[in-house]
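Student: I should like to work through this model with you, beginning with its overall fold and ending with its backbone details.

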Amino acid sequence: MEFDLENPLTSSQVLHSHSVASLFQAENHHMLSTDYCGSLDSVDCDVSFRRRAIYSILQLSCGFDPFLSYLAINYLDRFLSASGIPREKPWITRLLAVSCVSLAAKMKKTEFSLADFQGEGGLIFDSETIMRMETLILGALKWRMRSVTPFSFISFFISLFKLKDPPLQEALKARVTEIILKSQKEIKLLQFKPSIIAASALLYACHELFPLQFPCFMTAISNSSYVNKEKMLCCYNAVTEMEIAEFDNLYGPTVSRIRSPVNVLDRHCLSSESESDVKRRKISVFL
């Protein structure tokens with residue numbers, strides 16, 4: 001059966017209370033180490049290695065489902081977190097990328113050949129070499145290939161909002177999916193649990209799509225016993241910074257300030273409050 005990122009548990013497609021609890025427990029086994037996150041935040045060569053590996057994964061899997069790329073990068077991070085970042089062999093970056101994409105394709109039941117993933121030119125690895133690398137990855141991941149990711153928690157958190165209009169649910173889910181796909185490249189977000197990233201992405205999307213209902217959505221998520229409010233606030237701020245930075249790059253800082261969630265709520269008072277006052281008031285909403 002094809003692995004569904006939204007449903008990593010094999011028992012049921014329905015989110016019963018016991019399966020939700022199991023999901024939140026399981027995510028602890030899929031977290032990255034603090035040492036790995038710290039090295040990416042401070043060691044340039046580690047950041048460079050990860051960036052090159054991600055670029056290779058995206059290049060190798062560009063013709064496939066974007067969730068395949070996401071799963072491959074998830075395997076990459078978890079492998080590097082468990083085994084450390086190899087530096088002695090320059091070609092290991094591409095071999096690791098090819099192997100992660102291959103494993104993700106197998107989990108997604110995607111038909112492929114190794115030639116599909118290796119493209120034209122550059123280093124070409126034989127099947128035996130790739131299989132050996134796959135075995136190393138499987139061992140480092142302790143054969144936990146059904147990754148618990150932020151996608152696994154979208155349905156649970158949306159259910160807290162009680163949105164009755166299916167098109168609105170689909171629009172919200174689509175925007176959350178877009179944010180989560182982008183968040184994987186953001187180093188600041190790697191330290192957070194998948195559920196916290198999902199909750200933060202959902203709140204950001206709600207702020208964009210349903211600004212008037214945002215306080216109700218925020219309260220619904222904050223009241224969940226599964227959510228650490230303080231960590232969610234930190235993650236939400238990181239997601240906001242990521243989105244603002246993207247719009248700065250695309251449209252310039254003025255447009256991104258108008259569009260960002262900070263300003264959706266606060267645009268009526270920007271003329272009378274300083275930016276620091278607005279940020280303090282925003283933070284207080286979560287406390």
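**Fold, core and loops**

Tutor: Among contacts in the protein chain (heavy atoms within 4.5 Å) between residues at least 6 apart in sequence, 76% join residues at least 24 apart. This is a predicted model in which local features need pLDDT of at least 70 and side-chain atom pairs count only at pLDDT 80 or more, while totals for chains, interfaces and linings use all residues. Residues are numbered from 1 along each chain as its sequence is written, and side-chain values use heavy atoms, with hydrogens and water left out.

Student: Over which residues is the pLDDT below 50?

Tutor: pLDDT is the predictor's confidence in each residue, from 0 to 100. Its mean for the protein chain is 84, and 81% of the residues reach 70 or more. Where pLDDT is low, the predicted coordinates should not be read in detail. The stretch with pLDDT below 50, which has 25 contacts in the model beyond near neighbours in sequence, covers residues 262–285.

Student: How many helices and strands are there in the protein chain?

Tutor: Both are DSSP runs numbered from the N terminus, helices being H or I of at least four residues and strands E of at least two. By this assignment the protein chain has 15 helices and zero strands.

Student: Which helix gives the most residues to the largest nonpolar core?

Tutor: A nonpolar core is a set of buried Ala, Val, Leu, Ile, Met, Phe, Trp, Tyr and Cys residues joined through side-chain atoms within 4.5 Å; buried means under 20% relative accessible area, exposed over 50%, and partly exposed in between, with a 1.4 Å probe and protein chains only. The largest such core has 82 residues, and Leu-96 and Leu-172 are among those with the most contacts inside it. With 11 residues, the element that gives the most to this core is H5.

Student: Is H5 largely enclosed or open, and why?

Tutor: H5 has 16 residues. Because 15 of these 16 residues are buried, the rest of the structure leaves H5 largely enclosed.

Student: Which residue with a positive phi follows H5?

Tutor: The loop in question runs between helix H5 (92–107) and helix H6 (114–118). Its residue with a positive phi of about 55° is not a glycine, and it counts as exposed because its relative accessibility is 54%. The residue is Lys-109.

Student: In the loop between H7 and H8, is Lys-142 buried or exposed?

Tutor: Lys-142 lies between helix H7 (127–140) and helix H8 (154–161). Lys-142 also has a positive phi of about 55° although it is not a glycine. With a relative accessible area of 61%, Lys-142 is exposed.

Notes
Expected span 1.5 Å × (residues − 1).
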